[in-house]
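User: I should like a close look at how the helices pack, within one chain and across to its partner chain. Please define each term as you go.

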Amino acid sequence: MSADRELVEAVLARRTGAFERLVREYQGLVAHIVFRLVRHADDANELCQETFLRIHRQLHQFRYASSLKAWIGRVAYTIALRHLERHPASAEPVESEDALERAGSGEDIESTLATAESAAIVRAAVDGLPPLQRMLVSLYHLDEISIPEISAITGLPPGTIKSHLFRTRRELRRVLEERMGADA
Amino acid sequence: MSNGRRFDADDEREWEAQERARVAERSGAALADDDDATATYRLLARELSAMKLPDLPAGFAEAVARRAAINAVEPALAPFERVLVAMLVVAFVAAAGIGVAAFGLATPIVEALCEATSNRWMLALALCLAACAMTAPFRVPARR
């Protein structure tokens, strides 16, 4: 029996701790999708909870046509997207920690500062992206989710996802080169 | 590309550079043709994969599992249906009150009810039905 099937059947049989295990396993994915689309932390937290409560109610409808990960991601994506349609302001950036301030006190101060600087530039550039592009880049790089899986989550054709990723990374490269060059 | 925005040869080469940089960064391998563009993409891949996102609060999984368990035993009625049921109960009680106020307790229905519940078996049946109806919202619905 696959791990997905085992977990789903345990939750449906209401085995103690099974649903908590499912939440623990997929809360990172759900948080990444929701926090990338909806920037208001309280709203995003609430939507993550709503996602898992809906999963709990609708898990019996899961037919193993896709991976459990893709199905759960799809629920999170749908909920976050609907929230964005109702509250477009939720996509606006929130205050974030400055990467330069997060830089550790390593031995090589210059290299640490350079790393912190590029991190800060990339972070600021990603923060300025439209919600969909922000989420796609995050899922592809941070969560290492493949293009077909992202397609299953979002319902977008793989070609569209590839196009978004390509253009977004090209734009991020341009910003990075411009800023690093300007600071040099 | 299947989305109508065609990639030209330059785009395809740049996509390949982006992907080579991403894969190399993930595996930690050195790149043979580490030109400026690929080097920048590699730095970008490093920063993107290291980006931190806000964490969910500690104990999130336990809290959600608890809420889900509570929701599972809550009445299956939607809020609108609950309001309708409540209104119906209020209407019945009000109608009964008006009936008693207008005609007193000596009505054929009340007499029939008193007669029926004076039979122990009928009373037991009525109590069973009432208990069934009252506990229905707390029973776990069958799945699949």
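Analyst: The answer below follows the helix packing and then the contact between the chains.

This is a predicted model, in which local features need pLDDT of at least 70 and side-chain atom pairs count only at pLDDT 80 or more, while totals for chains, interfaces and linings use all residues. Residues are numbered from 1 along each chain as its sequence is written, chains are lettered from A and ligands numbered from 1 in the order in which they are written, and side-chain values use heavy atoms, with hydrogens and water left out.

Two packed helices are described by the angle between their axes and the distance between the axes. Helices here are DSSP runs (H or I, at least four residues), numbered from the N terminus. Their axes are lines fitted to C-alpha atoms over the stretch in contact, and angles run from 0 to 180 degrees between N-to-C directions.

In chain A, helix α3 (residues 41–58) and helix α4 (residues 68–86) have axes that come within 9 Å and cross at roughly 130°. The two helices are therefore oblique to each other; angles under 35 degrees count as roughly parallel, over 145 as roughly antiparallel, 65 to 115 as roughly perpendicular and the rest as oblique. The crossing of α3(A) and α4(A) is right-handed, that is, the near helix is turned clockwise from the far one by less than a right angle. Contact means heavy atoms within 4.5 Å. Among the residues making this contact are A:L47 and A:I55 of α3(A), with A:W71 and A:I79 of α4(A). By class, the contact of α3(A) with α4(A) has eight nonpolar, three polar and four charged residues. In this scheme Ala, Val, Leu, Ile, Met, Phe, Trp, Tyr, Cys and Pro count as nonpolar, Asp, Glu, Lys and Arg as charged, and the others, Gly among them, as polar.

Helix α4(A) also packs against helix α2 (residues 18–37) of chain A, where the axes come within 9 Å and cross at roughly 35°. This crossing of α2(A) and α4(A) is right-handed. The contact of α2(A) with α4(A) comprises 13 nonpolar residues, one polar and one charged.

Helix α2(A) packs across the chain boundary as well: its axis lies 9 Å from that of α3(B), at an angle of about 135°. That makes α2(A) oblique to α3(B). Residues in this contact include A:F19 and A:R24 of α2(A), and B:F60 and B:E62 of α3(B). A:R24 and B:E62 form a salt bridge, with the closest N and O atoms 3.7 Å apart; the term denotes a side-chain nitrogen of Lys or Arg within 4 Å of a carboxyl oxygen of Asp or Glu.

Seven salt bridges are counted between chain B and chain A, and one of them joins A:R173 to B:E14 at 3.0 Å, N to O. The chain contact takes 42 residues from chain B and 49 from chain A. The chains bury about 4,600 Å² between them, 63% of it on carbon and sulfur atoms; buried area is the accessible area (1.4 Å probe) that two parts lose on being put together, summed over both.
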